[in-house]
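The following report goes through a single protein chain, moving from its helices to its charged and nonpolar side chains. Please keep the structure in view while reading.

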Amino acid sequence: MSEISNLREETERLREELEEQRQQFKQELDYVTSQLREDRFRTDRLEEQINDLTELHQNEMENIRSGVTDMEEKVQYQSEERLRDIQDQLSGLETKISRMEHQAAQHQQYVTFEGLENSNARALVVKAINILLTLLQVVLLLLETGAQILKPFLKTPTRMVTTLLLVTVIILAIRQWTELSTLAVGRPKDLKKQDL
């Protein structure tokens with residue numbers, strides 16, 4: 001009987017310990033579950049923030065791309081418009097010159113030079129007019145050639161900026177040429193003096 005009672009007491013004690021262990025395990029499980037819920041909530045919020053930031057970044061990049069595209073289109077349109085204006089002006093000058101040539105040819109037939117009685121003097125005046133008209137044609141041809149040469153350099157905004165920077169650097173170098181040459185010539189002399 002004493003053994004049975006000892007066994008009962010032992011089983012009762014073990015049952016109480018088991019119950020305590022169960023309660024402790026349940027508390028730990030509840031704590032871990034609550035931590036997992038908080039972590040899940042945090043990760044969900046972080047994912048939402050990352051998604052929002054990614055979407056914002058994509059929208060900003062799209063806005064920048066569209067802005068750059070708009071600027072490129074504007075610059076290209078403006079450069080094409082300027083080229084068209086230059087070509088229109090050149091064609092207008094060519095038509096004026098052709099009219100002047102035609103009028104000069106007609107005047108050569110009908111106009112009499114009152115102050116010039118000598119036929120050699122008349123021939124000289126006619127030749128001078130022809131030379132003047134030829135010079136005007138050459139000037140217009142040079143202007144048109146210059147416009148055709150500049151056209152590839154002004155085709156895109158990048159080329160326009162590069163061409164502008166190159167021309168600016170060349171102009172500044174030409175303006176400062178005397179200072180640069182005196183600096184280049186004076187520098188070796190200063191080095192020789194320091195060596196001595």
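In which helix does serine 79 lie? Serine 79 lies in helix H1, where helices (H or I, at least four residues) and strands (E, at least two) are DSSP runs, numbered from the N terminus. The model is a predicted one, in which local features need pLDDT of at least 70 and side-chain atom pairs count only at pLDDT 80 or more, while totals for chains, interfaces and linings use all residues. Residues are numbered from 1 along each chain as its sequence is written, and side-chain values use heavy atoms, with hydrogens and water left out.

**Overall layout**

The secondary structure of the chain amounts to four helices and zero strands, and the pattern read along the sequence is α-α-α-α. Helix H1 covers residues 2-110, and helix H2 covers residues 119-153. Of the 196 residues, 5% count as buried, a class that means under 20% relative accessible area, with exposed meaning over 50% and partly exposed lying in between (1.4 Å probe, protein chains only).

**Serine 79 and threonine 43**

Serine 79 is counted as buried because its relative accessibility is 6%. A polar atom of its side chain lies 2.8 Å from the backbone oxygen of glutamine 76; a polar contact is a pair of N or O atoms within 3.5 Å, where within protein one must be able to donate a hydrogen and the other to accept it, and residues adjacent in sequence count only if both atoms are side-chain atoms. Threonine 43, which is also found in helix H1, has a side-chain polar atom 2.7 Å from the backbone oxygen of arginine 40. With a relative accessible area of 38%, threonine 43 is partly exposed.

**Salt bridges**

How many salt bridges does a search of the whole structure find? The search finds eight, a salt bridge being a side-chain nitrogen of Lys or Arg within 4 Å of a carboxyl oxygen of Asp or Glu. Among them are the following pairs, listed with their N to O distances.

| Pair | Distance |
|---|---|
| Glutamate 10 and arginine 13 | 2.2 Å |
| Arginine 13 and glutamate 17 | 2.6 Å |
| Arginine 42 and glutamate 38 | 3.8 Å |

Glutamate 10 and arginine 13 both lie in helix H1, three residues apart, which is about one turn of the helix. Arginine 13 and glutamate 17 are four residues apart in helix H1, so about one helical turn separates them. Glu10, Arg13 and Glu17 are thereby linked in a network of salt bridges. Each member of this network is partly exposed: glutamate 10 has a relative accessibility of 33%, arginine 13 has 37%, and glutamate 17 has 36%.

Arginine 42 and glutamate 38 likewise lie in helix H1, four residues apart, or about one turn of the helix. Arginine 42 is partly exposed at a relative accessible area of 49%, and glutamate 38 is partly exposed at 36%.

**Surface patches**

Which residues gather in a patch of negative charge on the surface? Asp44, Glu47, Glu48, Asp52 and Glu55 do so, and of these, aspartate 52 is found in helix H1. Patches are made of residues with over 30% relative accessible area and no salt bridge, like charges being joined within 9 Å and nonpolar side chains (Val, Leu, Ile, Met, Phe, Trp, Tyr) within 5 Å. Lys and Arg count as positive and Asp and Glu as negative, whereas His and the chain ends are not counted.

A nonpolar surface patch of about 330 Å² is made by Tyr31, Val32 and Leu36, with accessible areas coming from the Shrake-Rupley method with a 1.4 Å probe. Leucine 36 is found in helix H1 and, with a relative accessible area of 55%, is exposed.

**Between helices H1 and H2**

Threonine 134 has its place in helix H2 and is partly exposed, with a relative accessible area of 42%. Its C-alpha atom is separated by 9.5 Å from that of isoleucine 97, the two residues being 37 residues apart along the chain.

Notes: The place of a charge is taken as NZ of Lys, CZ of Arg, CG of Asp or CD of Glu.
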